[in-house]
Amino acid sequence: MAKVSIGIEKRVSLPILELALRAVLDGSASSDYFMELALAGCTGPNRAKKSVALLNRLTIKSKLLPYIEQYPEQVNNMLRSSMDKPLLFSAMMCSAYTLFYDTVALLGKYFHVQETVSRSFLLQKLSEKYGSNRTLDVAFDCVMPMLIETGIVKRSELGVYAMVRQEKYSDHAAAIYKQAFLLNNPNFSEKDNVEGHPFFEFIK
């Protein structure tokens, strides 16, 4: 069976991602601005170019962009809410890269029955889809720090992760999180009851 492309080899901090999203919302997003953000967050032009590509994919090239553009006021409100930001940023990540989505779904599946999940176990499970190689290791070490920064998961000890259950989030945050699920599962629709899926373990 052919292994799925991963496509991520760099990470960006949430403050930089938030600035990129705000630029999208106010219509000022551009490659030059994203390069400014990237250079502020890393050293070297090559790393900056990778960061720009990541910001593009998370925002202006995201499959979630039509939803964001349809509800700009609600998205701006989410950016003002510490309770909504984890779901908003997680949705952006999971919509942009399947590795983010698969990691969150796997975490939810095992957090349902146990309190912690190890790095080695997650890599073992992800390798069944993506292959066991250095590329997956590098990508995983981009994905997990970004998910931890969102606040939906935490590192309980070195190489071990625990869930941070989300509370007091808005209906709009729950809706955009659901959109990320639907984009990764096109056989489902808005009308389907999908909340029993492991992806939603964090917001039960």
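Let me begin with the aromatic rings of this structure, which holds 14 aromatic pairs, and let me say straight away that we are looking at a predicted model. One of those pairs is formed by Tyr-97 and Phe-100, whose ring centres are 6.2 Å apart and whose planes make an angle of 50°, so that the pair falls under tilted, since angles under 30 degrees would count as stacked and those over 60 as edge-to-face. As for how these two residues sit with respect to the surface, Tyr-97 counts as buried because its relative accessibility is 3%, and Phe-100 is buried as well, with a relative accessible area of 0%.

A second example is the pair of Phe-181 and Phe-188, again a tilted one, with 5.7 Å from centre to centre and 45° between the planes. Here the two partners deserve a separate word, because Phe-181 is buried at a relative accessible area of 1%, whereas Phe-188, at 41%, is partly exposed. Both of these residues also belong to one aromatic cluster, in which they are joined by Tyr-101, Tyr-177, Phe-199 and Phe-200.

Let me now step back to the chain as a whole. Its secondary structure comes to ten helices and three strands, and if you follow the sequence from its beginning, you meet the elements in the order α-α-α-α-α-α-α-β-α-α-β-β-α. On overall dimensions, the radius of gyration is 16 Å, which agrees with the value near 17 Å that a compact globule of 204 residues would have. Taken along the principal axes, the C-alpha atoms fill a box of roughly 45 × 40 × 35 Å.

How much of the chain is buried? Buried residues make up 49% of the 204 residues. Turning to the contacts between residues at least 6 apart in sequence, we find that 69% of them join residues at least 24 apart. The chain exposes about 10,200 Å², and carbon and sulfur atoms supply 50% of that area. With regard to charge, there are 24 positive and 21 negative charges, and their mean positions are 5 Å apart.

I would like to close with three individual residues, starting with Met-92, which is found in helix 6, the helix that covers residues 85-96. Met-92 counts as buried because its relative accessibility is 0%, and, leaving aside residues up to four places away in sequence, it touches Leu-17, Leu-21, Leu-58, Thr-59 and Leu-64. Met-92 and Ile-68 are 24 residues apart in sequence, while their C-alpha atoms are 9.7 Å apart in space.

Next comes Lys-168, whose place is in the loop between strand 3, residues 160-163, and helix 10, residues 171-184. Is Lys-168 buried or exposed? With a relative accessible area of 73%, Lys-168 is exposed, and its phi is near 60°, which is a positive value in a residue other than glycine.

The last residue is Ile-203, which lies in the segment after helix 10. Although it is found there, Ile-203 counts as buried, at 14% relative accessibility, because the limit for buried is under 20%. Which residues does Ile-203 touch, if we do not count those up to four places away in sequence? They are Leu-87, Gln-166, Tyr-169 and Tyr-177, and the last of these is also a member of the aromatic cluster I described earlier. Ile-203 and Tyr-169 are 34 residues apart in sequence, and from C-alpha to C-alpha they are 8.7 Å apart in space.

Note on methods
Residues numbered from 1 in each chain as written. Predicted model: local features only at pLDDT ≥ 70, side-chain atom pairs only at ≥ 80, totals over all residues. Heavy atoms only, no water. Phe/Tyr/Trp six-rings, centres within 6.5 Å; stacked < 30°, edge-to-face > 60°. Buried < 20%, exposed > 50% of the residue type's maximum accessible area, 1.4 Å probe, protein only. Helix = DSSP H or I, 4+ residues; strand = E, 2+ residues; numbered from the N terminus. Rg over C-alpha atoms; globule rule 2.2 N^0.38 Å. Contact = heavy atoms within 4.5 Å. Areas by Shrake-Rupley, 256 points an atom, 1.4 Å probe, with all protein chains shown as cover. Lys, Arg positive; Asp, Glu negative; His and termini not counted. Charge placed at Lys NZ, Arg CZ, Asp CG, Glu CD.
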